[in-house]
Structures are given as structure tokens and as C-alpha cells.
Amino acid sequence: MPKRKLVPDVVREQEVISFKPDDMVGAAVKAMADRRVGAVLVMEGNGLKGIFTERDLVTRVVAEDLDPKTTPLGQVMTAGPDTLPPDAMAIEALDLMRKHNYRHLPVLRDGVVVGIVSIRDLYAAVHSQLEQEIKERDSFIFGQEYSIGA
């Protein structure tokens, strides 16, 4: 089975949620809750300035007793986040996330955001790949008609 690339194997047709650095944390958190995502990108025009995650909310807003309604994202975001290109392998994203202890990674093509990959996305891709490999192995060993639970 071929190694999975970030696009299209992990990140597919995403609507990237982004805010400006002077937008308030409260608006970003509301969007994160409404869309059930753990991170939003902070951008000026097409340029990525940072990422704001659930962890940023906890450690930089709540723990510091800042008001989400009056705190701009630019003050509490993770500035200049690591990124990967769309043709990077999923394992590269996983290695970066593990090495630096974060769970979201922007994907850029020629400096333009095309998506964001989460540890959950990577887990789902790996899980799917493992299931396919097991089916192929079982089919090879036991024959084409073999199926678990049928």
C-alpha cells in the first residue's frame, strides 16, 4: 500500500476557519464550538500569522484570567506555526506533532493555506490504512472469498 500524503489522503475538501489577529478570542472559540474543531488559523490576507488552539485557550486565556471578549487572537495565538506542504507524508506530520507536542498542523501550498491536519485526522487515516492492509493480507492468505464476520 502506498504511503499516505497529507492531500488528498488525509486532508480533503476543507473549509478552513480563519480569523484576523485583531479578532477577539470569544468569536474564535464560538466558531470552534459551532464547527466542532480544535483550532482556527490566524491570517492577514492570505498570509498565515498563527494558529489558535484549544490548548492556547486553556494556557494563554483561561489560566491567565483574560477576558475572551476583549482579548485579541494575536495576543494569545501560537505565532509562526510549523507547516507542511500537501505532498508531505502523513508520517511526517505525525513525527512533527509528536516531537513538538501539538495536535494541529497547517498545510500550505506555495505559502497559501490549503487545510489543517489534526492528530484525529491522522489517526483516522492510519486506522483506515491498517484495516485495508489486514483485509488484503487475509484475502491473500485465505482467498478472495474470505471475510471477517460474514
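**Close-up views of a predicted model**

**View 1. Helix H3 and its packing partners.** The buried residues of H3 pack against helix H2 (25-35), strand E3 (47-53), helix H4 (73-76) and strand E4 (78-79). The structure shown here and in the other views is a predicted model. Which residues of H3 (residues 54-62) are buried? They are Asp56, Leu57 and Val61. These residues sit on the same side of H3, because they cover an arc of only 100° around its axis.

**View 2. The whole protein, to get your bearings.** Before moving closer, it helps to know the parts list: the protein has six helices and six strands. Following the sequence from start to end, you meet them in the pattern α-β-α-β-β-α-α-β-α-β-β-α. Of the 150 residues in the protein, 35% are buried. Among contacts with a separation of 6 or more, 56% are between residues 24 or more positions apart.

**View 3. A four-stranded open sheet.** Here the strands are arranged in the order E1-E2-E3-E4, and their pairing is mixed. E1 and E4 are found at the edges with a single partner strand each, so one side of each is left without a neighbour in the sheet. As a general reminder, strands of a sheet pair through backbone hydrogen bonds, in either a parallel or an antiparallel way.

**View 4. Strand E1 meets strand E2.** Two bridges link E1 (residues 18-19) with E2, and this pairing is parallel. Look for Phe19, which stands opposite Val42 in E2. Together with H2, the strands E1 and E2 make a right-handed β-α-β unit. How enclosed is E2 (residues 39-44)? Five of its six residues are buried, so E2 is largely enclosed by the rest of the structure.

**View 5. The hairpin of E2 and E3.** These two strands run antiparallel and are joined by six bridges. One pair to find is Ala39 with its bridge partner in E3, Thr53. Two residues lie between the strands of this hairpin, and Gly45 in the turn has a positive phi of about 60°.

**View 6. Strand E4 and the helices on the sheet.** E3 also pairs with E4, in the antiparallel sense and over two bridges. Here Gly50 has Ala79 in E4 as its bridge partner. H3 packs on the sheet, where it touches E3 and E4, and its direction makes about 75° with that of E3. H2, in turn, lies across E1, E2 and E3, running at about 70° to E3.

**View 7. The largest nonpolar core.** This core has 14 residues. Which of them touch the most other members? They are Phe19, Val25, Ala28, Val40, Phe52, Val61 and Leu73. At least two residues of this core come from each of H2, E2, H3 and H4. H2 gives the largest share, with four residues.

**View 8. Leu73 and its surroundings.** Setting aside neighbours within four places in sequence, Leu73 is in contact with Phe19, Lys20, Pro21, Asp23, Met24, Val25, Ala28, Val42 and Phe52. Two of these names will be familiar from View 4: Phe19 and Val42, which stand opposite each other.

**View 9. A second core.** Separate from the core around Leu73 is another one, made of ten residues. Leu84, Ala90, Ala93 and Val117 are among them.

Definitions and conventions. Residues numbered from 1 in each chain as written. Predicted model: local features only at pLDDT ≥ 70, side-chain atom pairs only at ≥ 80, totals over all residues. Heavy atoms only, no water. Buried < 20%, exposed > 50% of the residue type's maximum accessible area, 1.4 Å probe, protein only. Arc of directions from axis to C-beta. Contact = heavy atoms within 4.5 Å. Pairing = 2+ DSSP bridges. Right-handed = clockwise from strand over helix to strand, strands pointing away. Axes fitted to C-alpha atoms, helices over the stretch in contact; angles between N-to-C directions. Core = buried A, V, L, I, M, F, W, Y, C linked by side-chain atoms within 4.5 Å.
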